[in-house]
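Biologist: Could you take a close look at one part of this model for me? I'd like to hear how one chain is built and what lies around it.

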Amino acid sequence: MNLQDYKNVWIFAQTQRGKLSPTVYELLTAGRQLADDLGEKLCAVLLGHQVKAFAQDLINHGADCVYVCDVPVLENYLDDVYARVLSDLVAQYKPNKFLIPATNMGRALSAKTAVFVGTGLTADATEVSIHKEDGQLYATRPTFGGNLMATITCAKTRPEMCSLRPMSYEKAPKQPGRIGEIIEVPVDTGKYTGSLAKFVQFIKSKGDGLDLSEAEIIVAGGRGVGNKEGFKLLEKLAARLGGAVGASRGPVDSGWIDYRYQIGLTGRTVKPKLYIACGISGQIQHMAGMSGANVIVAINKDPDTPMMKAAHFALEGDLYEVIPAMLEALH
Amino acid sequence: MHIVACVKQTPKSDNVKIDPQTGCLIRSGTQSAMNPFDEFALEEAVTLKEQVGGKVSVITMGPPQAEAVLRDSIARGADEVFQLGDRALAGSDTWSTSYALSKGIEKINQLEHVDLIICGKQTNDSDTGHIGPQISAWLQIPNAAFVKKVVRVEKNSIVVERLTEDGSEVVELNFPCVISVVKEINKPRVRSVKGRMLAKRVPITVWTADDVQADKTKLGINYCPTRVVKSFVPKREVNAVAVEGANAKEKAAKLVALLKENKYI
Amino acid sequence: MDYAINEMEQEVLNATRELAQKKLKPLRAEMDAKEEFSIEMYEEYRKSGMFGLWLPEEYGGLGGGITCLAMAFEELSRACAGLALTPGTSALGAIPMFLAATKEQRDKWCPDLASGKKLWAFALTEPEAGSDATALKTTAIKDGDYYVVNGTKHFISTGKEADFYTVAVNTNPARGPRGISLLVIEKGTLGFSFGKKEEKMGIRSNPTYELIFENVRVPKENLLGSEGRGLLYLQETLDYSRPGVAAQAVGIAQGALDTTIPYLRTRKQFGQPIITFQALGHKVAELAAKTEAGRALVYNLTHRMDTEYLPAVRNALDNGTTVHDELKKLKGQRWTKYSAEAKLFCSNVAMEVADECVTLCGGIAYMRDFPLEKYMRDAKITQIYEGTVHIQKNEILTALIKEYASKEGEE
């Protein structure tokens, strides 16, 4: 492998159900920075069916070039088909760095692609940078449940691949009128029709429709909530503030609230403007999922919990007294 | 159906202790156990075996003491266990680890044809989620990750439901294939009395890299593509402002006022 | 103290403790409140092999004895005496079968019993026959290859959920108590229905039902042993099952202490943890000592019983005979007195410990959110079922009188 042959920073522009995933704009921010530091181009890879229209949007948000594979066989995500198309693209165009969102799709896709390509992959990084001397990608990620940060490199193979945790970067601003190149890459559909996997159907989540990772205000509950009914109180406060309800792992494990609401290392990562933690002790795994919040409020009977220490505002008290009083004060 | 479950021995608690100076894991006093996500993988394998018949083999890669997770697997219902143990494997990243495991699975497949490989969603020590998809890549077989339900098992395929951020997707994979499972898929059973007794006596097969015909230039810290160049303990700020008041009502009113004042709400 | 004397018994303790911690405790309050049988827990018991602890490996069991059964019942009851009854009553229902069954009957019923695929239950009590088993009115009249069963059983544990019922019937009413026999009646047999579901003080997650038999035709192959020998098998069954109830009582007492002691250590009044008040602390010490005495009594007995039970089972399997006959050949001990003593003592200890623990913890313990009041409600049944404390005293006294009568003039 001649490392000099590999040029440009790629990002994977994930689409799902005909929509561009919002975290792609965060990849554009991170990727733009890497490309500028290297003096190379930022390219987006757009796979799907009837997704061409997003190419200009990607350019408007910082991409210099977009590779588009728009064919029916890519309408739904299948690991094999996507990983093969992606590794063929890598072989053909030889990118230098390659960022993929650390979504469920991106985690699996990046892993399989890295083996097909024969290169190293860092999972779920929260920070990426180009090293000034060696020009390598330095990807930093939490390990051991967030107790330790590790910076990982991939010196001998290209592209250096990395999946990037959603919410780790700001979304790239729109720059209307930006010019870039759109390259439609033909896909040999016949190669994939005999796939050993088949997409059967998509089942939409029965949730309330509010996406936790998009919420600006989150009222989250922990073990201190004590039971299922307690979350109704949290819902009231969230509704009053125009926010969403979340939870740490304890209540989810106890069956008080669905897994979809779990925030933390094994749940969602959120970055709201305001995060109100009610009866959450603040285990490091939970902190890993919400420490990016602009303002953190902690309500807890115990003033010595990590959350009460890490919060911007710490209110010592019983949430069953405090929240009704807050609702009254907000009235 | 012959199912292979992949398991790993990891530090028991999520709250492992890290030396803040060196950034290294403090091993002493840290108990090891089966990676909690692998418990779901093994349980699903055993459940499927009970439903459709067959056999569950378990493979792990790790140092000699990792045989403990294999014994634990027997207690939880596995039939046969295999360990990949070789100094050449030490320090492998996910790319190398998945390669070694795929070679081990090929060897198990030679002993008895393998239909399904099940991995946990990720490990609790490195949280990558790479191993399942990467094993499938090395073996050139289909896979699905974040599987929350096995919908049904057909003669030549398995239908599974996997989690996405906006719901779930049902996919059908031809055998042989790999699935990585999330904790929603089942509730792992406790170790049976018989299983516990059997676990102590079961012979453990240990294979070296040569035994599974693995290419040593793909293995271990000197050959794997990625490398940890730095590790450090994350900084946490302590800047909490206590919201004071005589009682809950006063404190709540003060908090609401503070939030409004700063235009947070 | 653990009384496990071999690896198998130790692993029974380990497995049941894990089961109690991970599976029973999260379910117990909910199932108690709902007064519902837990299918989820039943599946967990099956997966961990809880139904076959006392059955031979040939039938898929563990190959353990009465000690393994008692230890499991103690540890499960320590978490929840109600949910513990799923394997507990299946063993009680099946013990008379296992003792009296021919090889053919064993081969037919034991594999599904040991795997837990089929649940068993024991049906003796009738509206007018409880402590006095000889008064039972359910009849089973021979008609060709069948017995025609008529009558009503009530207060039957695991009723409706169980698949097989070992039912005490009278096959020859003219002979009174000498007409009593045991029949195995399968759920779903025409004419066999369930009446009232009882609402109980404790052990609420175990359903208690009335069984109604109206011209139920039961194949004669379902008769256990021979006609008219029912009381004998019943006595033998109770000799083996009462130490189980005693073990359950010990488990309940231990569970109550497990809840109480940490609470007394953290609860502060008058500026100090209340366990440091000697009046309370000494009470705890006394209760702990009584619980330990009960445990020693149970396992001393079951270990002795196993020295006969295990060889008898082995011989029955090797010789194709009944376990009952093999026990007779071994000319072993009559356990009636010792079983009654264990059950009497331990059930009284359980009730005393649970009651005192509620008092020690005070107001909180009276509330349903705190698990103690349930232990008190559950403890009560151990003084009642499989013979009340008074019946146990009768058994002990009868044995004592016989014992001393035979010694008369020995001096």
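Modeller: Here is a walk through chain C, then its contact with chain B, and then a sheet.

A word on ground rules: this is a predicted model, in which local features need pLDDT of at least 70, side-chain atom pairs count only at pLDDT 80 or more, and totals for chains, interfaces and linings use all residues. Residues are numbered from 1 along each chain as its sequence is written, while chains are lettered from A and ligands numbered from 1 in the order in which they are written.

Chain C has 12 helices and 10 strands (DSSP runs numbered from the N terminus: H or I of at least four residues for helices, E of at least two for strands). Its radius of gyration, taken over C-alpha atoms, is 21 Å, close to the 22 Å from the globule rule for 411 residues, so chain C is as compact as a globular protein of that length. That rule is 2.2 Å times the number of residues to the power 0.38. Of the 411 residues in chain C, 52% are buried, meaning 20 or more other C-beta atoms, placed from the backbone, lie within 10 Å of a residue's own.

As for the neighbour, 8 residues of chain B are in contact with 16 residues of chain C (C-beta atoms, placed from the backbone, within 7 Å).

Now the sheet: it is open, with 6 strands in the order 15(A)-14(A)-16(A)-17(A)-18(A)-13(B) and parallel pairing; strands pair if DSSP finds at least two bridges between them. Its edge strands are strand 15 (244-247) of chain A and strand 13 (241-242) of chain B.

Technical notes:
A residue is buried if 20 or more other C-beta atoms lie within 10 Å of its own, exposed if 12 or fewer, and partly exposed in between; C-beta atoms are placed from the backbone. Two residues are in contact if their C-beta atoms, placed from the backbone, lie within 7 Å.
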